[in-house]
Amino acid sequence: MASEHTAKAFDSDLQELTRLVAEMGGLAERMITESVDALIRRDVALGKHVVVSDIEIDNLQRTIEERAVLTIARRQPMAVDLREIVGAMRVATDLERIGDLAKNMGKRVAALESDFQPLKLIRGLEHMTDLVQSQVKSVLDAYAAHDLPAAMTVWKGDEEVDAICTSLFRELLTYMMEDPRNISFCIHLMFCAKNIERIGDHATNIAETVFYMIEGQQILDKRPKGDMTTFATTVPGN
C-alpha cells in the first residue's frame, strides 16, 4: 500500500514537472517569434517586452530544478523514472538558453538606426526563424509524447539550419562590401542569425535528451552540422 502511494506521488510530481516544462517551452517559442518580429518591424517596445519575458523563463527554470531535486530526494527514483527527472532538468536548461538568445535579439532592436532593410535579407531571416521555430515546437512535442522518431527528425535537421545561416551570412557580407553605410545594420542581423542558429542547436540538444530518456544512453553518432567555419570565425559571440 505504501509503495502504491509512493508511485502515485511520484507520478503527480512528474506530471507537475512536465507541465512546467511545457509552460516554459511555450514561453520560449513566443520569445523567438516576438524577438524576430521586433527586429524586422523595428518595434522597440516589443523588443523590451522580450527582454522582460526572460525573467519569467529564468524563474521557471529555477522552479523546475528545485522541484526535480526535491522529487529525487523524496522519491529516490531509479532507472527510467530517474531519467525522466534528469530529462526535465536538461530540457529546462536548453529552454533557458533559448530565452537568453531571444533576449539578446530583443536588446538589439533599439540599436538599429539605419533605414536600410533589404527584402531579401529579411525574407532569409524569416525563413530561418520559421524553420528553427518549427524544430523547437516539434522537439517539445516529441519530448511530451516520448516520440523518439520525431525527436530524431529534428536532430537530423540541424544541418539545414546551418546551411541557411551560412547563405544569409554571405548575403550580409555582400551588402556590407557594397556600401559601408549598411555595415551597422548587417552586423546586428549577423548576430541575430547566429542566435537563431544557436537556438536550433538547443533544439537538437533537446532531441538528444529525448533519446537519452527513452534509450537510457547518449547518441553515439556524430551530430550532423553544416559548414559554419567562416561564419563562426567571423562573427564574435554575444
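**Group meeting: a walk through an all-helix model**

Okay, let's start in the middle. The largest nonpolar core here has 72 residues, and the ones with the most contacts inside it are Leu-95, Leu-125, Met-128, Val-136 and Ile-199. Who supplies it? The elements giving two or more residues to this core are α1 (2–41), α2 (44–75), α3 (79–108), α4 (119–145), α5 (148–156), α6 (158–178) and α7 (183–215). The biggest giver is α7, with 15 residues.

Let's zoom in on Ile-199. Leaving aside residues up to four places away in sequence, Ile-199 touches Ile-32, Ile-98, Leu-101, Met-105, Val-132 and Val-136. And Val-136, you'll remember, is also on that list of residues with the most contacts inside the core.

Before I go on, a reminder: this is a predicted model. So how far do we trust it? The average pLDDT for the protein is 87, and 89% of the residues score at least 70. The part to watch is residues 229–238, where pLDDT stays under 50. The model does have 22 contacts beyond four places in sequence for that stretch. Still, where pLDDT is low, the predicted coordinates should not be read in detail. So please don't over-read those contacts at residues 229–238, where the score is under 50.

Now the overall picture. How many helices and how many strands does the protein have? Eight helices and zero strands. Reading from the N terminus, that's just α-α-α-α-α-α-α-α. Of the 238 residues, 51% are buried. And if you take contacts between residues at least 6 apart in sequence, 85% of them join residues at least 24 apart.

Next, two helix pairs. When two helices pack, we describe them by the angle between their axes and the distance between the axes.

Pair one is α4 and α5. Their axes come within 8 Å and cross at roughly 150°. Anything over 145 degrees counts as roughly antiparallel, so that is what we call α4 and α5. On the α4 side the contact is made by Gln-135, Ser-138, Val-139 and Ala-142, and on the α5 side by Ala-150, Ala-151 and Val-154. As for handedness, α4 passes α5 in a left-handed crossing.

Pair two is α6 and α7. Here the axes come within 10 Å and cross at roughly 175°, which makes α6 roughly antiparallel to α7 as well. The contact list is long, so here's a taste: it includes Cys-165, Leu-168 and Phe-169 of α6, and Met-190, Ala-193 and Lys-194 of α7.

Hang on to Lys-194, in helix α7. Is Lys-194 buried or exposed? Its relative accessibility is 10%, and the cut-off for buried is under 20%, so Lys-194 counts as buried. Its C-alpha atom is 7.2 Å from that of Cys-165, though the two residues are 29 apart along the chain.

Last stop, some backbone angles. Most residues other than glycine have a negative phi. Which residues go the other way here? Two to look at are Ala-79, with a positive phi of about 45°, and His-146, with a positive phi of about 55°. Neither is a glycine. Ala-79 lies in helix α3 and is exposed, with a relative accessible area of 54%. His-146 sits in the loop between α4 and α5, and at 37% relative accessible area it is partly exposed. That loop links back to pair one, the roughly antiparallel α4 and α5.

Okay, that's me done. Questions?

Definitions and conventions: Residues are numbered from 1 along each chain as its sequence is written. This is a predicted model: local features need pLDDT of at least 70, side-chain atom pairs count only at pLDDT 80 or more; totals for chains, interfaces and linings use all residues. Side-chain values use heavy atoms; hydrogens and water are left out. A nonpolar core is a set of buried Ala, Val, Leu, Ile, Met, Phe, Trp, Tyr and Cys residues joined through side-chain atoms within 4.5 Å. Buried means under 20% relative accessible area, exposed over 50%, partly exposed in between (1.4 Å probe, protein chains only). Helices (H or I, at least four residues) and strands (E, at least two) are DSSP runs, numbered from the N terminus. Contact means heavy atoms within 4.5 Å. pLDDT is the predictor's confidence in each residue, from 0 to 100. Axes are lines fitted to C-alpha atoms, for helices over the stretch in contact, and angles run from 0 to 180 degrees between N-to-C directions. Angles under 35 degrees count as roughly parallel, over 145 as roughly antiparallel, 65 to 115 as roughly perpendicular and the rest as oblique. A crossing is left-handed if the near helix is turned anticlockwise from the far one by less than a right angle, and right-handed if clockwise.
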